[in-house]
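Please find below my notes on the model, set out as numbered points. They deal with charged side chains, surface patches and a few local environments.

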Amino acid sequence: MTVNGERFERTVSVRKSLVDFVREDLRLTGSHVGCEHGVCGACTVLVDDEPVRACLMLAVQANGKVLMTVEGIAGEDDELHPVQQAFWENHGLQCGFCTPGILLTTYDFLQEKKNPTSGEIREALSGNVCRCTGYQNIVRSVQAADKQWER
């Protein structure tokens with residue numbers, strides 16, 4: 001598979017989840033393991049440009065696929081992506097546990113949708129649970145990212 005632009009080839013147990021593979025085998029620990037039932041969204045990664053709950057997908061199912069983890073969003077020299085920058089500037093995170101999944105969900109959403117309403121943003125992020133922020137600053141962050149990101 002290709003992860004964040006780099007090709008990887010590993011032999012893994014057929015039972016190993018994609019999130020465990022990414023965290024343990026590739027040492028990309030930005031994706032978080034939350035509920036392990038696909039409910040919280042903390043483990044969200046992009047697989048072939050689609051958001052996927054990495055706790056529900058087996059690593060072997062990603063054979064030949066292209067993945068992006070939260071580590072893959074940043075630009076050259078670790079320059080923050082406009083989505084990351086907007087979350088930082090607008091206090092769209094607190095403890096940070098949900099942040100990787102929300103960033104990737106936002107990244108995917110804003111690829112498809114320009115000038116989203118707050119209702120559309122809330123619907124797009126409805127599969128991501130945040131227990132700290134109350135979502136107001138997350139919505140504000142997504143709106144700011146939409147304005148800052150030239151795509």
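1. Asp-48 has a relative accessible area of 37%, so it is partly exposed rather than buried or exposed. This value, like the others in this note, comes from a predicted model. The side chain of Asp-48 forms a salt bridge with that of Lys-65, with an N to O distance of 3.7 Å. The partners sit in distant parts of the chain, 17 residues apart. Asp-48 belongs to the loop between strand E3 (44-47) and strand E4 (50-53), while Lys-65 belongs to the loop between E4 and strand E5 (66-68). Lys-65 is also partly exposed, because its relative accessibility is 29%.

2. How many salt bridges does the whole structure hold? A search finds five. The bridge between Asp-48 and Lys-65 is one example; another joins Lys-113 to Glu-120, where the closest N and O atoms are 3.2 Å apart. Lys-113 has a relative accessible area of 29% and is therefore partly exposed. Glu-120 is partly exposed too, its relative accessible area being 30%.

3. Which residues are joined into one network by salt bridges that share partners? They are Lys-16, Glu-24 and Asp-25. Within this network, the side chains of Lys-16 and Glu-24 meet at 3.1 Å, N to O. Glu-24 is partly exposed, since its relative accessibility is 41%.

4. Asp-25, a member of that network, lies in helix H1 (residues 18-25). Is Asp-25 buried, partly exposed or exposed? Its relative accessibility is 25%, and the cut-off for buried is under 20%, so Asp-25 counts as partly exposed. Leaving aside residues up to four places away in sequence, Asp-25 touches Arg-10, Val-12, Lys-16 and Asp-20. Phe-8 is 17 residues from Asp-25 in sequence, and the C-alpha atoms of the two are 10 Å apart in space.

5. The surface carries a patch of negative charge, where Glu-76, Asp-77, Asp-78 and Glu-79 gather. Of these residues, Asp-78 can be placed in the loop between E5 and helix H2 (82-89). Asp-78 counts as exposed because its relative accessibility is 67%, and the cut-off for exposed is over 50%.

6. A nonpolar patch is also found on the surface, formed by Val-14, Leu-58 and Val-60. Together these residues have about 230 Å² of accessible area. Val-14 is in the loop between strand E2 (6-7) and H1. With 58% relative accessibility, Val-14 counts as exposed.

7. Ser-17 is likewise placed in the loop between E2 and H1. Why does Ser-17 count as buried? Its relative accessible area is 11%, and buried means under 20%, so the label applies. Not counting residues up to four places away in sequence, Ser-17 touches Ala-54, Cys-55, Met-57, Leu-58 and Ala-59. Leu-58, one of these contacts, is also part of the nonpolar patch with Val-14 and Val-60.

8. Two residues of the loop between E2 and H1 can be set side by side. Val-14 is exposed, whereas Ser-17 is buried. Both have a link to Leu-58: Val-14 shares a nonpolar patch with Leu-58, and Ser-17 touches Leu-58.

Methods
Residues numbered from 1 in each chain as written. Predicted model: local features only at pLDDT ≥ 70, side-chain atom pairs only at ≥ 80, totals over all residues. Heavy atoms only, no water. Salt bridge = Lys/Arg side-chain N within 4 Å of Asp/Glu carboxyl O. Buried < 20%, exposed > 50% of the residue type's maximum accessible area, 1.4 Å probe, protein only. Helix = DSSP H or I, 4+ residues; strand = E, 2+ residues; numbered from the N terminus. Patch = residues over 30% accessible without salt bridge, like charges linked within 9 Å, V, L, I, M, F, W, Y side chains within 5 Å. Areas by Shrake-Rupley, 256 points an atom, 1.4 Å probe, with all protein chains shown as cover. Lys, Arg positive; Asp, Glu negative; His and termini not counted. Charge placed at Lys NZ, Arg CZ, Asp CG, Glu CD. Contact = heavy atoms within 4.5 Å.
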